[in-house]
Every structure is written in structure tokens, then in C-alpha cells.
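Dear colleague,

I am handing over the structure below, together with a short account of what a look through it turned up. Please read the notes alongside the coordinates.

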Amino acid sequence: MDLPRRKDVPVELTWDLTHLYSTEAEMLAEHETTKKMCAQLTENYKGKLTTPEQIDACLDAWQELMVKMDHVASYCSLAASVDYYDAKLQERQSMIQRDQAQMAGEYSFIESELSAADESLLREAMAVATKNRHYLEEILRQKPHRLDPKTEEVLTRLSATLEAPYELYHVVKLTDMKFDPFVADGVEYPLGYSLFEDDYEYDARTAVRRGAFRAFSDKLKQYENITAAIYNTQVQREKTMADLRGFDSVFDSMLFGQKVSREIYDRQIDLIMEHLAPHMRRYAKLIQRVHHLDKMTYADLKLPIDSDYNPKITMAEAEDYLAKGLSPLGEDYVEMVHEAFRDRWVDFARNQGKETGGFCASPYQKNSYILLTWNERMSDVLTLAHELGHAGHFRLASTNQSWFDTYDQDFIVEAPSTTNEIIMAHYLLKTNPDKRFRRWVLSCMISNTYYHNFVTHLLEAAYQREVYKIVDQGGSVQAEALNWIMRETLERFWGDEVELTEGAELTWMRQPHYYMQLYSYVYSAGLTIGTQMCRRIETEGDAALTDWKKALAAGGTLSPEEFAAAAGVDLTSEKPLMDTIAYIGEIIDEIIELTEEMEG
């Protein structure tokens, strides 16, 4: 279980960055080109955005520059994300970030001058624009919150420094934090972030699972103060920026960027905390009963219902399952699945210094890059289906939209990925009539799809909301306060049914989402849309699929409410969320019934 260094990983398990640039030298040459393009942009247009035609031409040139910068930044960040132990890769990424922050300061005049322009001029520019109209609409929307041009330039030049907490968090987590082995039942086991989160949390051996949790938590505890200091820096920066830009609260500032009301945000958290908790407590007690545990602890929540039944799967088999399972999304989607495997979009490897969890990065009009850790489990198929949902989304959006309009609001970004998960799980249910297999798939839907998005990330969001309430009142948060908030949040959700063992309060240290503003709650929002969309596709067929692809192709041109409406989901009502919570309860009911039938 000791992890290899990145250089020792088989190349076929890694992603192929040559789809972006064939060599590092080619990337660095493009980087130099962007510097020249930025200087030319400034020379041609700074102080000259006085006509609709000049504005449109400037925005066209800027988009061309931004696409190249996006590709360069993606190449460097992707390489760094899989090997935090490689100092050269980390330094290269830092250099690119510094240079791009410098360039961003130079072209910050564009937004400043447009924000200072008369509304009539902007509307004239919108009338002649081809692919820049929506961007100009956004300039008008943000106009009241822009600062003077010099301040905006300084802030842009400082962007790499201001965003440092995110990088510092990963340095502490993936570089400085070294785990010692732990002992369970007289046997010594190695320990690391990925080993704990990918293996030990699911281990059926109670002594090993709880021993790993205790050792993992002990190591986190040693770094709680520095991690809290980094996080406090993040939230204080966000509060300061909200005040500078004239927002009434830090919540208003972040939700403004998402184009979501405070009502929708609070409703998503409050309804799940109140109505989903009873269902998940029943599921936790079922885990305790099935595994004959003396008590149900926080360290036991990731236990699968059937630890002895965990279908193994090869990558080739996974490709076949995904192609068949996602076929309701169309032939073009199936071809994308094959392309992802054939052209090495996915980094499957397990190695030291690799970022934990999973993500999908989608450089503009290039193939996506998916990071995960392959464990040869059928559940990995659901993870891949999730990330391919992002890939399919941004392929459609970038094909149909400009760079400005490809990337949409956070609130809906997880909808395509979670839709894929449910479609894939429903396909698996149809492949095998065996009760044990059916219970396994249903439990995967709960423990992976819904637990991950409706519980793990939702609890992060509920915790995060309490942190921002303190910050909004002028307070700060240190490790003691963060631990208390997390424990209180977990207690509210799990009640007396789950014992919060020592270390549960440190859960806030384990996720990077807190450095991505109000991102955690959007997983449940996306899955709400995804659950409803899956039902539409399965019952209505091509008509629903046409709506779905049209919504995805719209990219960032639609607000969250407009996107959902285009997909046939009404976000103005609590009904989609309550229906989704009820559906989760129905799945848990069936798992309990199947368990009772199998026990005779």
C-alpha cells in the first residue's frame, strides 16, 4: 500500500498533456506570445474604448489572449496537481501565475474603462457585438460594484498573492503533512491522505478503520492552527472585498457572482438539514446493524452495506460500462467516452504528492482532463461518469459559446455531472436482477452519489455559512472556533444516532472547497437538478435530451433559474428539492427491505 513516486507510475495510467502542448518548450513559447499579445492589446486599446466598434474589436482581441493564457495555465496547474513533491513543477506554476497576474493588471483597463463608460455607449456596443454582447451585459450588472481603475489594477496584479490561501492549504496538506504508520490488532499499517480517504474509511475491519481514523485525526490536529490561520486569511479577504465593493454582506458578494438569491441558498441548506437528516440517520443505523457494531461512530459512516461484495472492474470493462450506461445521452456522448480512454484524458494513477479527490478541468475548446485515483472498484465507474458529465458539458458549451460565455455559474456546474451519476446507476440496476447486486448499486447511490453531494458537501456548506456569519459581524475564526462550529453542525445532522468520536470536529480541514467561496452547497443544488433531469430523460426520451443539451450548450449565457427552466426544472419552488429528498428516502427504504429479505 506504499505509494510510488510520480516518475515510477506507468504512463498509461496518467493523462496526456501533449493534447495541450507537445513539449514544455512549446508551452513556454506560447507564454511568451501571450506577453506580446497583452502589450499589443494595451497599446491598441487603452484609453481608446470610445466607440462601439473599438469596444467590440478590443473584446475580440482580449478573448484570443485569454484562450491562450487559459491553455498555458491549465498545462502547468495540471502537471503540478499530480506531483506536489516536484519542486520544478511547483516553481513553474508559480512563475506562470506571477506572469499572468502581471498581464491581468495590464489588461484590467478594459473592465475599468467599460465600467466607467456611459450606459448608452455600452448598449450601442451590445447592438454591434457578435460574441461579446453577454459580456457587456455583465459589465452593466457589475458596474455599481467596480472600484476606481487604479485600485482595480492593483488588485488584479495582486491576484496571485490574494489567492495564496488555496495554494498554501494544499502545501500543508500534501507536502508538509507526513503520516506515520498506525497499529491495529498488532499489525502496522501505512497511512496517508489518499490511503485513508480511498481505503481505510471503507475498511470492514473495525479496529483498522477506527484506528486509521484516530491516527489520521491525530496528524490533522498537529496542523489545525496553521490551517485555521490560512482559512481565516481567506475569509477575511472575502469580507474585505465585499465591503470595498459596496455589498451589504459577504454572502451578497459571493451570491452576486453566482446570480443566486440568498433565499435559494438558505433554502438548499435548511431543507436538507431538516428533511434529509432523518433518512440518513436510518441509513447509519442500518450500517450499524448489518456490521454488528457495538456503536455507530463517525468513523463508521463510510462503511459499505455489504463489505464482502465490492465488484472489481478493469479499466477496459469500465469503458464498456460507461459507453452503454451513458448511451441515453446520445451517440456523440458515447464517442466522447471512448475518446477519453483512447486519448488519455484521465489520470488514474496512485502516487505520492498527487492531489486527493477528483476533478475535471476543461481548457477552452480542448479535451478535458480528469483526475481521480483508480481503485478497481465498480464505484469508480460512477466517479468517472460524474467527471465525464463535466467534460460533456464544457465540450458542448465551448463549441457553441465564446470564451466569455463558456463557463457558467457555480450553482449549476455540478448538475451535468450528477445527472450522469444517476443515469449510470440506473443502468447498472438494469444489468443484473440479483438482489445483492441491486442492493449494492442502491447503496452506492446513497453512499457515493447522494452522500457525497447531499451530506458531505452540504454539511460543509452549513458549517461554512456559520463561519461567514461570524466574519460578516467583524469577527475572526481560529482553530477552536472552527472545531466547535463543525462539531455542532455534525451533531445537528446526525443527532444521537451517530457518536462523534474525537477528530470528527477536524473534518473542516479535509476539503479545499472552503477556498472556493460558496461552492460546497452547489453540489446538492446540481444534484437536485440532476435527479429531476434524469427522470425526464428516462421518461420523455429525445424531447428531454434535446432540452438538456440546449441548456448545456448555453454555457454562461443563462442564469441558474433560466438554465434550470430550460431543462424543465423550476428553481423558484422548493418542490424539486423536496422531491429529491423523498427519492433518497425511497432508495434507503428499498435497501432496508432488500436487507431484510436477504437475511430471511
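Why does Cys38 form no bond with Cys58, the cysteine whose sulfur is closest? Please keep in mind that this is a predicted model. The sulfur of Cys38 lies 11 Å from that of Cys58, which is too far for a bond, given that a disulfide requires the two sulfur atoms to be within 2.5 Å. Cys38 is also buried, because its relative accessibility is 0%. Much the same reasoning applies to Cys360, for which the closest cysteine sulfur, in Cys76, is 19 Å away and therefore too far for a bond; Cys360 counts as buried as well, with a relative accessible area of 16%. Over the whole structure, the search returns 0 disulfides.

Turning to the helices, α14 (residues 262-290) packs with α26 (residues 575-599) at an angle of about 5°, and their axes are 10 Å apart, so α14 is roughly parallel to α26. The contact between α14 and α26 is made up of 14 nonpolar, 5 polar and 6 charged residues.

Finally, the second largest pocket encloses about 450 Å³ of space and has a lining of 25 residues, among which Leu3, Tyr85, Gly192, Tyr193 and Gln352 lie nearest its centre. Helices α9 (164-176) and α10 (193-198) each contribute at least two residues to the lining of this pocket, with α10 providing the largest share, 3 residues. By class, the lining of the second largest pocket comprises 11 nonpolar, 7 polar and 7 charged residues.

With best regards

Technical notes:
Residues are numbered from 1 along each chain as its sequence is written. This is a predicted model: local features need pLDDT of at least 70, side-chain atom pairs count only at pLDDT 80 or more; totals for chains, interfaces and linings use all residues. Side-chain values use heavy atoms; hydrogens and water are left out. Buried means under 20% relative accessible area, exposed over 50%, partly exposed in between (1.4 Å probe, protein chains only). Axes are lines fitted to C-alpha atoms, for helices over the stretch in contact, and angles run from 0 to 180 degrees between N-to-C directions. Helices (H or I, at least four residues) and strands (E, at least two) are DSSP runs, numbered from the N terminus. Angles under 35 degrees count as roughly parallel, over 145 as roughly antiparallel, 65 to 115 as roughly perpendicular and the rest as oblique. Ala, Val, Leu, Ile, Met, Phe, Trp, Tyr, Cys and Pro count as nonpolar, Asp, Glu, Lys and Arg as charged, and the others, Gly among them, as polar. On a 1 Å grid over the protein atoms alone, a cavity is a set of points where a 1.4 Å probe fits but cannot get out, and a pocket is an open set with protein on both sides within 12 Å along at least five of seven lines; lining residues have an atom within 4 Å of a point. Grid points are joined across faces, edges and corners, and a volume is the space filled by probe spheres set on the points.
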